[in-house]
Amino acid sequence: CLIIRLALAETFCLNCGILALDEPTTNLDAPNAESLARSLLDIMHSRKDQENFQLIVITHDMGFAHLLGQREHADYYWRITKDDNQHSHIECENIYD
């Protein structure tokens, strides 16, 4: 099921160039989350010459984010948090910090 969803998502983003995943590791065990990360890295590698390709991943799974965040593909990520007053804060962070 995961492979089918990923294949459909990649197919739909062929022309527009944006692949957006919201909490893709929800209900996945660690081996399947790692497999998804490897598949996404393969997609990023195959699309590296496509000017308009962007991968947007919304996740609370920092381990998954670090699996995706390899320097050959990205140098940073954006962390969005809320403070005690429910105000959002957006910070650019180095992948390896």
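**View 1. Arg 79 and Glu 93 form a salt bridge.** Let's start with Arg 79, which is partly exposed, with a relative accessible area of 28%. Keep in mind that the model shown here is predicted. Which residue does the side chain of Arg 79 meet in a salt bridge? The partner is Glu 93, and the N to O distance is 2.9 Å. Arg 79 sits in strand E3 (residues 76-82) and Glu 93 in strand E4 (residues 88-94), so this pair ties together parts that are 14 residues apart in sequence. Take a good look at this pair, as the structure holds one salt bridge.

**View 2. Strand E1 has side chains that alternate between two faces.** Follow the strand and you will see Leu 19 and Leu 21 pointing to one face, where they are buried. Ile 18, Ala 20 and Asp 22 point to the other face and are not buried. You may meet this pattern again, because side chains in a regular strand alternate between the two faces of the sheet.

**View 3. Strands E1 and E2 run parallel.** Five bridges join E1 to E2, which spans residues 54-58. One pair to look for is Ala 20 with its bridge partner in E2, Ile 56. How does the chain get from E1 to E2? The path goes through H2, making a β-α-β crossover that is right-handed.

**View 4. The largest nonpolar core is built from 13 residues.** Leu 19, Leu 40, Phe 64 and Leu 68 have the most contacts inside this core. Helix H1 (2-12), strand E1 (18-22), H2 and helix H3 (62-68) each contribute at least two of the core residues. Which of these elements gives the largest share? That is H2, with six residues. As a general point, nonpolar side chains in soluble globular proteins tend to be buried together.

**View 5. Leu 40 touches residues from distant places in the sequence.** Setting aside residues up to four places away in sequence, Leu 40 touches Leu 6, Leu 19, Leu 21, Leu 55, Phe 64 and Leu 68.

**View 6. Ala 33 is a buried residue of helix H2.** This helix covers residues 30-46. Is Ala 33 buried or exposed? Its relative accessible area is 8%, so Ala 33 falls under the 20% cut-off and counts as buried. Beyond its neighbours within four places in sequence, Ala 33 is in contact with Thr 25, Leu 28 and Phe 64. Ala 33 and Phe 64 are 31 residues apart in sequence, yet 6.9 Å apart in space, C-alpha to C-alpha.

Key
Residues numbered from 1 in each chain as written. Predicted model: local features only at pLDDT ≥ 70, side-chain atom pairs only at ≥ 80, totals over all residues. Heavy atoms only, no water. Helix = DSSP H or I, 4+ residues; strand = E, 2+ residues; numbered from the N terminus. Buried < 20%, exposed > 50% of the residue type's maximum accessible area, 1.4 Å probe, protein only. Contact = heavy atoms within 4.5 Å. Core = buried A, V, L, I, M, F, W, Y, C linked by side-chain atoms within 4.5 Å. Pairing = 2+ DSSP bridges. Right-handed = clockwise from strand over helix to strand, strands pointing away. Salt bridge = Lys/Arg side-chain N within 4 Å of Asp/Glu carboxyl O.
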